[in-house]
Amino acid sequence: MKTYLGELEELVLLTIAALGEEAYGVSIQQDLETRCNRNISIGALHSTITRLEEKGFLKSWLGGATQERGGRSKRFYEITQAGKKAVAEAKSMRDELWTLSKVKLSVK
Amino acid sequence: MTQPPKLARKILEWFAAAAFVEDMLGDLDELYFIHLKTKSTAVAKLLYWRGAMSLLFSYALKKRKAKASLGLYSSSISMGLLRNYFKVAVRSLYQHKYFTILNAFGLAVGMSISLLLLSLISYVQTYDDFHTNRESIYTIISERTEGVEQLAWALAPHVLADKLSENSNVKAVVRINSYFREEVKLPQGLIPLRGYYVEPNFLDVFTYQVTQGNARATLSQPNHIVITESAALKIFNTTHVLGKTLELNTGGLVVVGAVMKDHPINSHFDFELLASFASLPQPQASISDQWTYFDFQYLYVLLEQTASVSDFQSYLDKISDDTYAKLPVKVAFQAQHLNDIALGPDLRMAIGPKWEASGMIVFAVIAAMILLPACFNYTNISIARALKRAKEIGLRKTLGGVKFQVFFQFITETVVVTFIAFIGALVLFYFMRTEFQKMLVASNALDLSLTVRMACYFLLFALGTGLVAGIFPALYFGGLNPIQALKNKVHKGSSAMRVRKVLTVFQFILSFGFILSLVVFNRQYQYSLNFNFGFAKENIVNVALQGTAPHLVKNEFSKLAPVQSVAMSSQVMGLGYYNTWIKDSENDSTEVAHMYVDDNYIPLFGLTLIAGTNFTAEAGLVEKFIIVNEAFVNEYKIATPVEAIGKTYNVEGSELQVIGVVKNFHFAPLRYPIKKFFFRNNPAKFTYAHLKVSTADAFTMFTDFETHWNNLNPEQKVAASFFEDDLNDGYNHYVVLLKIIGFLGLLALTISVLGLLGMVVYSAETKVKEISIRKVFGASVLNLNYMLSKEYLKLIVWAVGISAPVTAYLIYLVLPHLQYYSTTVSLWDVVISTAILLGLAMLTVWSQTNKVAMANPADTLRSE
């Protein structure tokens, strides 16, 4: 594995992938809150996104200004090829660990 | 519907500055309205604040800000920009060569003194760095309180050593006694040697290289020494001296048991040999168990590496509390680290070379007084030339340069000038180094050659100087309004003008101070030389007896034709004095100065007896009489000198009778007031012969002295000199002082004059057209000169007005400390100093204004 991917980073990447066309600051935060029960501040979220962008896992563009945003545009995010590879690698590593694990891991 | 909190948004926007945060603010707003649906307004607002704050300190915003600053209107300094600044600086400096040279020369002169200080500090910091145990070595110093007198000494009583060894943190205690006063008897005469009495563990704690013999064994035997190689060469002309014996002046013999390499000169010890502690002479050995008298005794401890100094210090405090509780003298001990000895607080009786912190501070103040005016000059000239640079700055700012960048540009320029000056200062430093070293007391323990540490200090210093000199102009230029700058509307009536004037006045205050001090101290020196001491000093030759019997010397020298009479005494008058204690029948004993003389002394030195008689030629074996001075009579409250005759005083156990009273004369140097004094008559104490001579050929006379002296004492060289010269030599410190003040004054004056020159050149340059027009309308050269120079004249008058009373007062305070009988500052001194300063300054000003005033107006006006 080339780049280390933090747990939150992985969640954010996956959430952005799941949200598809509608992935921007608020929607990502709300999704993380409802789906993953993770309540993170908007500052922490933007920081994580910035780190992911620096690693080349995300790309972004502006658009979609609405009334409740005071007419300010949103910054939409999309997962890049490198990002997809990184989450895939993370997943395969976990899968490998699951299959290798000697203890019977099952959830009742 | 309520709106999100405005203030939080404003703060975030302000903090973000150029960075793009629209999407973040949008997110905050959106979240706010989502929260409003489920929560109260207050909670939603609170959450908005929290979100804004989390963004404010977020990594995301930091990154966006960094990115924004690299945009089109960048406010940071990139490498390319730095190169551009450097290039512009070099071009601008090259274009204004005259000012660059003025500035660089002034700064070089200003920095040179500071370089001396830095080189000194950098060397002194290396003191004692050759001891491998240096981190754990401490010396014990003592603060002694007796009555109201409180003094700090480098000494500590040796009896303390046993108590120190009891402490488990102490690995070793080294006792050193510095009472080594021996001279070696050699065929060519007596050679004094510097040495310490030490114990064998001295060599365990301190790191020295023993080359031959067993040094530890040597130091445990009486009358054995360890000698350094240079001392061995000095005495035996060889370093293979193991087992040889030295004959000492006191009659004893000592055996060389080991030879060691000379210690490095950066050491707070200074010795040529180490003698065993067992060889310590009796009076010193017998006082080593005393807590109150411990001259020449030093203690060093080697602590365990894990030991805490504060614990050790409290241990010392406890000892001193316990020991001195019942004694009249209180002594507080303190552990001083080895690294702090050489450059530490002022202590009495330091064991070797020492650089006192107070002296360093005085030196630093002087260095700053020379350096700062040079920096001011730079500041002054730079601001004065603002007009020329204003367009450039205006353009830079219009094209998007921000304050910080302009600031940085000018700092770069100053640093470039400073480094040019620094090279000049280095050259000056190389020339001044030797002369400077000669003036220092501990100069043989100093090596001012360039080291890496020194070079680092120098570079940092040059950079620092650049910043100090450049900060003000850089701030000024950075704050220029581009519109005004481009319209050429800066500079007039600005506060910079006032600052320039204040700086110039300050410089001339300093220069005037130096000139006035020079004039007054020179007068003080002349005053001391021409002082009427109350005794004759002409045509008297002093001959040191050097152990030869007085009557032999008298007989031998009386034979010579130029010698008219011979007197004997115990010392040379006017150079110093000795005290003894005397007691009369009623009062307690008091301290009185005294001197042993024979019957010829009083007439030979032209002293006047105002009552009683002189000593007689037949001095008995027992001392009987004394002759006192007027001050003695007054202080003992005797009404008239005649009444003093016949009174007896107990002097050192015997009753002596007053047989005469002499008129007051200066038996002591002029630093001391005339006090109680008496002459006594005891041939055994004579150490000097005084010859009254009359000759035109001093050279032949001294050669005759030499041949006759060799008849008496061929082992030693004759030591004869004119009394007047001896006396004048006693005031030689004034010559040194005058040299120093003169040199510093020259530097200060050079810097001020350079500054003035820069200002005048600039202002004459800008007024060329005005002057030409005035000339066309009929102004005379004199008129024009006056017009151009009156501004500077005013500044100098201001400077003299401020400096004269301040300097005069300071000198007035200092003079009596240097000398009890001293001159004072007179109006004439001030007038002469003012004339010198004004003369020099006006010469500088007129050299420039005259050139402009003399120019042909047709030449200057034609071009437009």
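Colleague: Which residues touch the most other members of the largest nonpolar core?

Modeller: Leu107(B) and Phe512(B) do, in a core of 90 residues. Keep in mind that this is a predicted model. Helix 25 (residues 732-766) of chain B supplies the largest share of this core, 14 residues.

Colleague: What makes it a nonpolar core?

Modeller: The name goes to buried residues of the nonpolar kinds that are joined through C-beta atoms within 7 Å. Leu107(B) and Phe512(B) are members, so each of them passes that test. And in soluble globular proteins, nonpolar side chains tend to be buried together.

Colleague: What is Leu107(B) in contact with, leaving aside its neighbours within four places in sequence?

Modeller: The list is Ala374(B), Tyr378(B), Val417(B), Thr418(B), Ala421(B), Thr465(B) and Ala469(B). Thr is not one of the residue kinds that a nonpolar core takes, so Thr418(B) and Thr465(B) are contacts of Leu107(B) without being core members. Apart from the 90-residue core lies another, of 62 residues, including Leu193(B) and Phe206(B).

Colleague: How much of each chain counts as buried?

Modeller: In chain B, buried residues make up 36% of 864. In chain A, 29% of the 108 residues count as buried. A residue earns that word if 20 or more other C-beta atoms lie within 10 Å of its own.

Colleague: And what are the chains built from?

Modeller: Chain B has 29 helices and 24 strands. Chain A comes to 4 helices and 2 strands, running α-α-α-β-β-α from the N terminus. As for contacts with a separation of 6 or more, residues 24 or more positions apart account for 82% in chain B and 48% in chain A.

Colleague: How do you know that strand 15 and strand 23 of chain B pair?

Modeller: Pairing asks for at least two bridges. Strand 15 and strand 23 (residues 688-693) of chain B have 6, in the antiparallel sense, so they count as a pair. Met568(B), for instance, stands opposite Ala689(B) in strand 23.

Colleague: Which strands are the edge strands of that sheet in chain B, and what makes them so?

Modeller: The sheet is open, with 4 strands in the order 15-23-14-24 and antiparallel pairing. Strand 15 (563-569) and strand 24 (720-722) of chain B are the edges, as each pairs on one side only. The twist averages 25° from one strand to the next. Helix 19 (residues 550-558) of chain B packs on the sheet, touching strand 14 (540-544), strand 15 and strand 23, and its direction makes about 170° with that of strand 15.

Colleague: How many bridges join strand 16 of chain B to strand 20 of chain B?

Modeller: There are 2 between strand 16 and strand 20 (residues 648-651), which run antiparallel. The cut-off is at least two, so they still pair. Ile582(B) stands opposite Val651(B) there. Strand 16 (residues 578-583) of chain B is also joined by 5 bridges to strand 17 (residues 590-596), with a hairpin of 6 residues linking the two.

Colleague: Where do the two chains meet?

Modeller: 19 residues of chain A are in contact with 20 residues of chain B. Helix 2 (25-36), helix 3 (42-54) and strand 2 (74-79) of chain A each supply at least two residues of that side of chain A. Helix 3 gives the most, with 8.

Colleague: How do the residues on that side of chain A divide into nonpolar, polar and charged?

Modeller: The split is 5 nonpolar, 8 polar and 6 charged. Gly is counted among the polar ones.

Conventions
Residues are numbered from 1 along each chain as its sequence is written. Chains are lettered from A and ligands numbered from 1 in the order in which they are written. This is a predicted model: local features need pLDDT of at least 70, side-chain atom pairs count only at pLDDT 80 or more; totals for chains, interfaces and linings use all residues. Two residues are in contact if their C-beta atoms, placed from the backbone, lie within 7 Å. A residue is buried if 20 or more other C-beta atoms lie within 10 Å of its own, exposed if 12 or fewer, and partly exposed in between; C-beta atoms are placed from the backbone. Axes are lines fitted to C-alpha atoms, for helices over the stretch in contact, and angles run from 0 to 180 degrees between N-to-C directions.
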